[in-house]
Structures are given as C-alpha cells and as structure tokens.
Amino acid sequence: MSPSPDSGAVPPPVRYKVLVVDDEPTLRLGFSYALSDHDTDTAANGTEALEKLESGPYDLAILDLRMPDVDGLRVIETLRRHGNLLPVVLCSAVITPSAALRAITGQVVDFLLKPVRPAELRGIVRHVLSPVGDGFAEAMAHARAGRHEQAIRNLEAMVDPGPRIRAWLGILRAIRTGSLEAEAAAFGRLERDGLSALAYRVPE
Amino acid sequence: MLRTRLFFGLLTLILLLWGVGAAALLLVRDATKRYEASIQENYPPIKLSRGFRTVTAGLNAHYLPVLAGAPGTPVPERSKFDADKLELLDRLQALHGDGKKPTGMEDVVLRLEQAVETYFEGYEQLFSGNLDTQEERAKLLSYMSAQTQRITDLSDHIFSLADSRMLSGTVRSDAESSKNTLFVTTLVLLGTGIAIIIYYQLVRHMVDPVVGLRRSIEEIRKGNFELTLPEPGADSEFRSVATAFNDMAAELKVRRGETNERLLRTNLVNRAILEAIPSPVFVLDDDGRILQVNPAAERLTETLGVANRLPAKIQRILDESNVSGENHLPEDPREALLFRIEEKEFYYLPRIFSFASEDGVYSGRAVLLHNVTRIRWLDDMKTNLLSTVSHEIKTPLTGIRMVLHLLLEERSGGLTPVQKTMVSSANDDCERLLTTLNTLLDLSRAESGSTHLERVPVTLREAMQRAERLFGPKAAQRDVTITVEATEGLPEVNADPLRLDEVLNNLVSNAIKHSPAGGTVTLHSSQPDADHLRVSVIDQGPGVPEEMHNRIFERFFRAPGQESEGVGLGLFICREIMRAHEGRIGLKERTGNQTEFFVDVPIA
C-alpha cells in the first residue's frame, strides 16, 4: 500500500476551535498537529473535557469513546443534559452498537474509526462544520440537529447510495419508528457489521 | 402306543358286545326250543287223557239211559260202542307209545287199560241182554258209573301227571335262564370294567398330558421356565409333544437368559455411557420422577444441596416444556442457566427431550445439562479479545500512524530522502499490520456471524457491477480490465448483500492481483442448476497449482512463493460466508489460460 498523506488541501477559510479529548498523549499530539489549520485544545480525560467545554466556547469536540473515569458517552450525555448542543465527533477503535445508539440519541452522528488518518480528521471537521455543497454532509447535519425526518428525506433523495448511506437510512428509520423491534433489528445490523459503515470516510 | 391301547380296549368292548348279543340270542332260541319240546312231549298224553272222558261220557249218554228205563227197553245198536271201543283202544295204544313217560305214568296207563277192560266188560254184559231185573240193571248201572268214574280219575291222573311234568320242565328252564342271566350280567360287568379301564387310560394318557401342558403354558406365561412336563413313556404320542414343549421351555429359558444378559449388558453400557458423559444427565419418567441420574448429575445436585432432585430452575423449564409438549433444545450458550458452586459461576444449558418406545407404551424425558461455562468464557474472551485487540492495539497504532502520516506530510519540516524512505517503509509496515488486524477481526466476525445473515432478494448483476465499480480504479492501476457478463433474465438470489459483496470483492481482488498486465478479469453469471445462480470470476493469471486446489480455502493458507500481502484468510472467510448461505464456492479446473473461481448462491 502506498502512503496516502494528505498533501495539504486548500486551507479552510475559517479557523475553528476544536477540543481533542483522548487519553493517549501521542494521539492528542498527532490530532493537534493534523488540525494545525484550526485552533486546537486538548483534554486528557472526560472530566477535564467537561471542565474545558463548560468554561469556553468550542466549535467541535473530538471525543475518544473509551477513557478512564468519565468516558465519551457520559461526556456527551452530561453536555446534552446541560443544554450544550456542541457538535461532537466520537472517535474509537471499536464502537459497540449500544454505544452508537446512545450516541445517536445524544445527537452525535459522526464517528471516526481508529486508526484515523490526518486527512480523515481534517475531512470530518469540514464535514461537520461546513457541510454546504455535500448532500450527505447536509443530510447528516439534519440528523445531528435531531431532524431525523429531514435527514431521511435527504438521504433517500441521494443518487447511488453506498453502504454508508444505506446503513444510516436503516438506523435512522429504525429510530424514527421508535419501536423496540426496529431498534433491535438495527442493533443486529450494527452488531454484525460493526460501525464501519456508519463511520466517516474521506471521500475517495 | 395309546392308539393300539385304545384300539384293543375298544375291540374288547366290541367283542364283549357281540358276545353278549350272541349269547342272548342263543339263550332265547334254546329256551324256545326247550319249551316246544316240552309241549310236544306233554301235550299228547294231556290230549289223549282228555279224550277218555269225552268218549266214555258219549258212550254212557248213548247207552246207559236204557238201564234207567223200564226193563225190556231195547238196547241201541252196538255199532257206536264198537267204534268208540276202537278209538279208546287206539288212545290207550298211543299212551303206551309215548316213549318218555314220566315216572308213575306207565303204571297209571296199565291201570287205565284194566279199567277200560272192565268198562268194556260192563257194556258186553249190557249187549248180552241178560238183564231182566231191575236189580240187575241198577247193579250194572252203578258198576258202569263206577268204571266210568275210575276211567275218568285215571285219565285225570294221567293229565295231571303230564301237566306236572310240563310244569317241572318250565321250572327246569327257569333255572337254566337264571344261569344265563348270571352269564350275561358277568359279561356286562366285564364290559363295564373294561370301559372304566379305558376311561382311566384315556384320562391318564390324553387328558392328563393336555392339562399338564396347559398348566405348564400358564406357568411359562407367568415367566416360570423351571417347570418341565413329565415325559410320558416311549410309546405315547404325547412324548413328542412333551419333548417339543420342554425343548421350547428350555429354549425360552435360554433366550430369556440371553435377553437378561443382553439387558444387563445394555444396562451396563448405558451406565458406562451415562457415567462417561461429563454433563449431568437426568432421566425422568412421564410424571417427572427421576429414574436415573449419572454421577455428574449426582455431584451437581449434591453440591447444590438438592441431592438427586432437579434444581428448581431446571424444573421450571421442564414444566414449561411439558406444557408446550416440545423438546427444549437451545443452542445458544446465552440461554444457559447460572449456577453458583463453591463461589464459582457455572453455566449449564439445559437440553430437555422426550423419548418413547416404538409402541409408545413407555415414554419419559431426559434432561442433559450441557456445561457451557467454558464456551461462555471463550465467547466472552472472544468479545473481550475483539475489543481488547481493537482498543489496545489500534489505539497505539493510531498514534504511530498519525505521526508517520504527519511526518510524511512534512508540515513540521522537510525530510531528507533517507528519512523519507525510512518513514515510508515504516508507514507501509504500519498499514500492513492494520490490514492483518482488520482481517483477524473480520475472521472472528465471520466465524461468529455465520448465523447472523440478513438475507434478502439480491440481483446478481448489481452485485457484480458494484464489485466492478469498486475495483475499477485498482484494476486500472495494474492495467487490468474488468468486464461484467451478466446473463439476462436470471432470477434474484437469496443472500445477504453485504456478505455477498464481501465474497465477490475478495475474488475480484484476488483475480486482479494475479492478473498479468493487460489481462482481463471477467465476472460472468449463469445458472448451473435449478436452485442456484453462479457468479464466475475469471482471470488470465498463472492459476493455482493443481496440488493446492484443495487447500486454498483453508484458514491461513498461502500459496508458497506468493509475494502479495495478506494472512491467507480471504478465501476461508468467503467459504464460511457461502456455507452460511448454503451455497458453494469453488475453483474450476484450469482451461486454456483461464482461472475460474465460482460461487453458487441459492435462488430466492
């Protein structure tokens, strides 16, 4: 395989304030470097992340799922309880279906699968914060805002749905019906395929 | 022989019957004859003697009234007298002629002769005519009447003599006949005796054996094979029956012995099997009473403190399966029941199944507690491994990879060519490690996930086109063309689209990998049989060496000398997926310069 370094895309017009939360120092460092086009801050654990998010305004948080003490999901739930609707990217090596459903319920629809490439990291910031012009990104923006119906309509309208779009449609429809069976079915699908279909990929 | 005995016995009886009959006939004839003889013997004297009185009475009536009349009355003609005199003399002669005169008869006949002489003399006197006086007449008359009286007496005497002789003959024949009666009675008694003997013989030789046979049969029916029939003598027809019966009883006894032995052996084998089964096994009858438990079950119930009873949790499931009337045969270890034994957790999967004898008389249920603790543990381990590997390896790998990528991006400063080569090489290794890791994770998913297919109708053409689209760029890089030859009008297949894609992708990826530059990879659909559709992936590469055809679908198999990356799991995973689909995957014999892999997918 050839290395696919992101050879410096066009610098985004806006610098966003991004909080990187991970218990791995290397990753915090790497993420910060990769996102050097933005203002990055780091937190080593959930508690620290919550403190920083409470104190200052951020545009985006990149959250590790598995952390000692307060994990990513509990960070999300605490934030949402406090009425903070900050966009969050959940990043982990493996995300279980229950975690995914909890995240989606907490209006988090962006997942990054470790190992993350710098290009993906930069891509997802763009994907979340400036979705204009990308049909899928726009649809996911609706989903992120809790407008599942709109998201489904947008996704259905897309031509040539890949596995990612099909997976998202399935999940969102299951959540929309609100029935336990449908969620269980969606669960089953998630369990089988892991989260690879739901995770963000750099458009190739 | 009973037959001969019966024959002779009855023959004797018949002979006796004939004898009695013949004797009776003879006796009757003899008596008749004797009676006739007696009549013949005695009747003439009686008849003759009777004649004397009649004749004399006739004579007297004819002549004697003259004597009573006045003297001088003429005497009638003497011609009648002469005739009667002749007749009387004839009778006398006849009486003399009777040879077998009884004693005394001779004497009486002589006296009768004299009386008749004197009687004739009286009539001679009458005819002489010398009777003139009344006195002489009266004297002659009284003389005549005296003589007549005497003849009458004597003839009566003869009559009575003959009569008594006849009477004595009857008495004699009476004695004779009572003797005969005795004889007949004896014969009849003899016959009766013989009949009684025959009866007892019959009872002894026919009824007794039959009764004995019946009793023995009943005993055998009760299971007592010890009773044997006494063997009758060598000449009895029942001997063969008794022998056969005894043989049969002996045979049955042996058979039952064998059956018992077999039962014992079967029992032993069953016990051995039960004891060898490490899982607790309970065998219950229809009412749920425990018939048999194996040592493992004993140990389990003892440690649970419910010695030789079913634990309550299992009893509940048993009752449920009893109500539903179905076997309870869970496969999923997650349905296992938790038992805490000495601070440790054990998982038992209860398998309950009914059994019944072929005739349905005996039935019951068996409960087998399958210890799935280890399976659960392994399952947990696998899940843990998955997340552990994912997290513990992927997280640092992510850091390494991130750093390598960033270095290669040269944002923090340029790299010397040597540095760049080294970092690139490290990055390649990192990528390979990641691929291997992902494949391993896929494998564990494929192995556990074969039951989790989500099958829907799938159009093969679309699946083939997806693969074509996905690998188009990669093929182009290697100067390989992908063509799709989808046959028109094929039905849809029943498959999990994601899994099917995985298989096709793997095959196409391999085909591209092994294609020579400028080669073509062909995806071709067809219908090999009524139930399947086939996708063939054909390349023009060097193919798989003959001796490896059987092994390429094995886990971790890699063809020797193969330089491409990979851990040798791709085809294995494909096979697992196709197995889960009840489909097939295979490699065709090489034809021309083409290598053809195919998958057969069940039609929807």
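**Figure legends for chain A**

**View 1. Confidence along chain A.** Chain A has a mean pLDDT (the predictor's confidence in each residue, from 0 to 100) of 82, and 86% of its residues reach 70 or more. This is a predicted model, in which local features need pLDDT of at least 70 and side-chain atom pairs count only at pLDDT 80 or more, while totals for chains, interfaces and linings use all residues. Residues are numbered from 1 along each chain as its sequence is written, and chains are lettered from A and ligands numbered from 1 in the order in which they are written.

**View 2. The elements of chain A.** Nine helices and five strands make up the elements of chain A, taken as DSSP runs (helices H or I, at least four residues; strands E, at least two) numbered from the N terminus. Along the sequence they follow the pattern β-α-β-α-β-α-β-α-β-α-α-α-α-α. Among these elements, strand β1 (residues 17-21) of chain A has the highest mean pLDDT, 93, and helix α9 (residues 180-193) of chain A the lowest, 67.

**View 3. Helices α2(A) and α3(A).** The axes (lines fitted to C-alpha atoms, for helices over the stretch in contact, with angles from 0 to 180 degrees between N-to-C directions) of helix α2 (residues 46-55) of chain A and helix α3 (residues 72-81) of chain A come within 10 Å and cross at roughly 25°. The two helices are therefore roughly parallel, a term for angles under 35 degrees. Where they meet, A:Gly46, A:Ala49, A:Leu50 and A:Leu53 in α2(A) are in contact with A:Arg74, A:Val75, A:Thr78 and A:Leu79 in α3(A), contact meaning that C-beta atoms, placed from the backbone, lie within 7 Å.

Definitions and conventions:
Angles under 35 degrees count as roughly parallel, over 145 as roughly antiparallel, 65 to 115 as roughly perpendicular and the rest as oblique. Two residues are in contact if their C-beta atoms, placed from the backbone, lie within 7 Å.
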